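Me: I would like to learn how to read the empty spaces and the packed parts of a protein model. Please take one feature at a time.

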Amino acid sequence: MSGMEIERKFLVRKDRDYKGQAFASSRIKQGYIAAKGATVRVRLRDDKGYLTIKGPSMDGGLSRYEFEKEITVEEAAQLFKLCAPGVIDKTRYLVHSGKHTFEVDEFYGENEGLVMAEVELGSADEEFVKPDFIGLEVTGDSRFTNRSLRKIPFMLLRATVPPEYR
């Protein structure tokens, strides 16, 4: 897959049930290879591997170019050896809302307690129906990119977010 990625990202309210609304889930482990001007991600999602390259963010973090290719699990394991320290470990839940699917990520390890949701859009001004668990929008807030969370994890950011998201 390649093309322009347009997405909005939100913190998820702790007092709402997103798991009960999910139609699928998968375990994800991902690492990042150092690259100037791009994000290079290696991902294991259940029993599949992926290599993703993302360009710099535009529109305040709303959109950017993305290239993704499925690779073998063995290739992913080798590429993980090239990754910078810090691995993102999470479970992703898929939730339908209107004509969109929200990807809800529940993080583990040093990011334990963080739950974020994102929705991919066809255009920056496309309307969508927010599920009841959607809270504070963090689109463009670099603290909440997976790449940043591996360096400065949620355990260090927890006090900076409202209590309903901790």
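The dialogue below goes through cavities, pockets, cores and a few single residues.

Me: What kind of model is this, and how are residues numbered?

Reply: This is a predicted model, in which local features need pLDDT of at least 70 and side-chain atom pairs count only at pLDDT 80 or more, while totals for chains, interfaces and linings use all residues. Residues are numbered from 1 along each chain as its sequence is written, and side-chain values use heavy atoms, with hydrogens and water left out.

Me: How many cavities of 30 Å³ or more does the structure hold?

Reply: Rolling a probe the size of a water molecule over the atoms shows where empty space is left. On a 1 Å grid over the protein atoms alone, a cavity is a set of points where a 1.4 Å probe fits but cannot get out; a pocket is an open set with protein on both sides within 12 Å along at least five of seven lines; lining residues have an atom within 4 Å of a point. Points are joined across faces, edges and corners, and a volume is the space filled by probe spheres set on them. Here there is one cavity of 30 Å³ or more, and the largest holds about 30 Å³.

Me: Which residues line the largest cavity?

Reply: They are Lys9, Lys90, Asp105, Phe107, Met116, Ala117, Glu118 and Asn146. Strands (DSSP runs of E, at least two residues) and helices (H or I, at least four) are numbered from the N terminus. Strand S8 (115-120) and strand S7 (100-107) each supply at least two lining residues, and S8 gives the most, with three. By type, the lining has four charged residues (Asp, Glu, Lys, Arg), three nonpolar (Ala, Val, Leu, Ile, Met, Phe, Trp, Tyr, Cys, Pro) and one polar (the others, Gly among them).

Me: How much space lies in the largest pocket?

Reply: About 600 Å³. It is lined by 33 residues, and the closest to its centre are Glu5, Glu7, Arg41, Lys54 and Glu118. The lining divides into 18 charged, nine polar and six nonpolar residues.

Me: Which residues touch the most other members of the largest nonpolar core?

Reply: A nonpolar core is a set of buried Ala, Val, Leu, Ile, Met, Phe, Trp, Tyr and Cys residues joined through side-chain atoms within 4.5 Å. Buried means under 20% relative accessible area, exposed over 50%, and partly exposed in between (1.4 Å probe, protein chains only). The largest core has 16 residues, of which Val12, Tyr18, Phe102, Val104, Ala117 and Phe133 touch the most other members. S1, S6, S7 and S8 each give two or more residues to this core. Apart from it lies another core of 13 residues, including Phe107 and Leu149.

Me: Where does tyrosine 18 lie?

Reply: Tyrosine 18 is in the loop between S1 and strand S2 (24-33). It is buried, because its relative accessible area is 9%. Tyrosine 18 and phenylalanine 102 are 84 residues apart in sequence and 10.0 Å apart in space, C-alpha to C-alpha.

Me: Is glutamate 106 buried or exposed?

Reply: Glutamate 106, in strand S7, is buried, with a relative accessible area of 15%. Its side chain makes a polar contact with the side chain of lysine 19 (3.1 Å). A polar contact is a pair of N or O atoms within 3.5 Å; within protein, one must be able to donate a hydrogen and the other to accept it, and residues adjacent in sequence count only if both atoms are side-chain atoms.
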